[in-house]
Amino acid sequence: MAVPAAAMGPSALGQSGPGSMAHWCSVSSGPTRYVLGMQELFRGHSKTREFPAHSAKVHSVAWSCDGRRLASGSFDKTASVFLLEKDRLVKENNYRGHGDSVDQLCWHPSNPDLFVTASGDKTIRIWDVRTTKCIATVNTKGENINICWSPDGQTIAVGNKDDVVTFIDAKTHRSKAEEQFKFEVNEISWNNDNNMFFLTNGNGCINILSYPELKPVQSINAHPSNCICIKFDPTGKYFATGSADALVSLWDVDELVCVRCFSRLDWPVRTLSFSHDGKMLASASEDHFIDIAEVETGDKLWEVQCESPTFTVAWHPKRPLLAFACDDKDGKYDSSREAGTVKLFGLPNDS
């Protein structure tokens, strides 16, 4: 059975012995000009601000394609949308309708007004920020935990806890295809060219299907343990996977070979995001920091401190701003109460 990334336990394979992938992770000589430039920027923009979003933990954050809005999905069964104004997020609306936790959401790849939410209530919902209404509710067979929108905008893929992935026509809102997998499906994604579909699985593999035929193309043994998350870089050169062995591995899209890995985290990697220029990769886990690496060298560029496990990270599509959400407790009043905040890193220190 598929498990949401938020529920993963500690790493049993955090070692980096001679046989492990961490052992041959590349080490470079001295920081590049890009790293030095970004470190200089972040020294003046290292502020993280919190914004109240929900009444329970936030599972997912995502930016609209134009970067004007940030959406968040929560255990409180709602989605929230914020407008980005200068150096802060201003809450625009809260979207109600789901009968269970909103586990993941994503925006239309080219229409900045539409986003879709996946919920444990066995539906997905498409929302329009112009009318603030749900424009479609699509019933699915199981409790949904993963969702992605195809790069051409025509199809939404949703994965459930029973390892079924359903492909839904984004215009007619009808199911086009359905695939039952014999392995635990974690995260799902199209490649940028829209002609292949990728799944990360519980055996540490990346399964690649042709699209739209959905015929198996290749299965890559990516990690010795559960492969949890996958992201494609905006330039189309690489994709990255994160796994329960606490490693992030970077893959060449064309060659389907592992180029390098990042091994600074100690806990299962739950969430990944490439910056808009494809040069930075943020990864997070139950470690109390978010690692920001330079993609080309694997070098540590920065780390963002956080007080609790991080569920979700998302770089802004145009600026070096990172949205994220943690398993925060509202310590001021009640240490067991979930805070439900969305955080933004990269703000000017004097803001």
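1. Leu41 is partly exposed, with a relative accessible area of 30%. Leu41 belongs to helix 1. Its C-alpha atom lies 8.7 Å from that of Gly346, although the two residues are 305 positions apart along the chain. The model discussed here is a predicted one, and every value below should be read with that in mind.

2. On overall make-up, the protein chain contains 1 helix and 28 strands. Of its 351 residues, 60% are buried. Among contacts with a separation of 6 or more, 47% are between residues 24 or more positions apart.

3. Helix 1 covers residues 33–44, which is 12 residues. From first C-alpha to last, helix 1 reaches 17 Å, close to the 16 Å expected at 1.5 Å a residue. The buried residues of helix 1 are Tyr34, Val35, Met38, Gln39 and Phe42. Viewed down the helix axis, these buried residues fall within an arc of 125°, so they line one face of helix 1. An α-helix has 3.6 residues a turn, so residues three or four places apart point the same way.

4. The other side of helix 1 deserves a separate word. Arg33 and Glu40 are exposed and sit on the face turned away from the buried side. The cover over the buried residues of helix 1 includes strand 23 (280–284), strand 24 (289–294) and strand 25 (300–305). Strand 26 (310–315) and strand 28 (341–347) are also included in that cover.

5. Next come two of the sheets. One is an open sheet of 4 strands in the order 2-3-4-5, with antiparallel pairing. Strand 2 (58–63) and strand 5 (88–95) are at its edges; each has a single partner strand, so one side of each is left without a neighbour in the sheet. From one strand to the next, the twist in this sheet averages 25°.

6. Within that sheet, strand 4 (residues 79–85) pairs with strand 5 in the antiparallel sense, over 7 bridges. Which residue of strand 5 stands opposite Leu83? The residue is Val90.

7. Another open sheet of 4 strands has the order 6-7-8-9, again with antiparallel pairing. Its edge strands are strand 6 and strand 9 (133–139), each of which pairs on one side only. The twist here averages 20° from one strand to the next.

8. Strand 6 (residues 102–107) is an edge strand of its sheet, but is it buried or exposed? 6 of its 6 residues are buried, so strand 6 is largely enclosed by the rest of the structure. A hairpin of 6 residues joins strand 6 to strand 7. Strand 6 and strand 7 (residues 114–119) run antiparallel and are joined by 5 bridges. Cys106 has Val116 in strand 7 as its bridge partner.

9. At the other end of the order 6-7-8-9, strand 8 (residues 123–128) pairs with strand 9 in the antiparallel sense, over 6 bridges. Thr123 has Asn139 in strand 9 as its bridge partner. In a regular strand the side chains alternate between the two faces of the sheet.

10. How many disulfides does the structure hold? The number is 0. For Cys205, the nearest cysteine sulfur is that of Cys227, 8.2 Å away, and Cys205 is in no disulfide. A disulfide is counted for a pair of cysteine sulfur atoms within 2.5 Å. Cys205 is buried, with a relative accessible area of 9%. Cys134, by contrast, is partly exposed at 26% relative accessible area.

11. The last point concerns Asn203, which lies in the loop between strand 15 (196–201) and strand 16 (205–210). Asn203 is exposed, with a relative accessible area of 53%. Leaving aside neighbours within four places in sequence, Asn203 is in contact with Phe183 and His223. The C-alpha atoms of Asn203 and Asn226 are separated by 5.3 Å, with their positions 23 residues apart along the chain counted as the separation.

Definitions and conventions: Residues are numbered from 1 along each chain as its sequence is written. This is a predicted model: local features need pLDDT of at least 70, side-chain atom pairs count only at pLDDT 80 or more; totals for chains, interfaces and linings use all residues. Side-chain values use heavy atoms; hydrogens and water are left out. Two strands pair if DSSP finds at least two bridges between them. Axes are lines fitted to C-alpha atoms, for helices over the stretch in contact, and angles run from 0 to 180 degrees between N-to-C directions. Buried means under 20% relative accessible area, exposed over 50%, partly exposed in between (1.4 Å probe, protein chains only). Contact means heavy atoms within 4.5 Å. The expected span of a helix is 1.5 Å times one less than its number of residues. The arc is that of the directions from the helix axis to the C-beta atoms.
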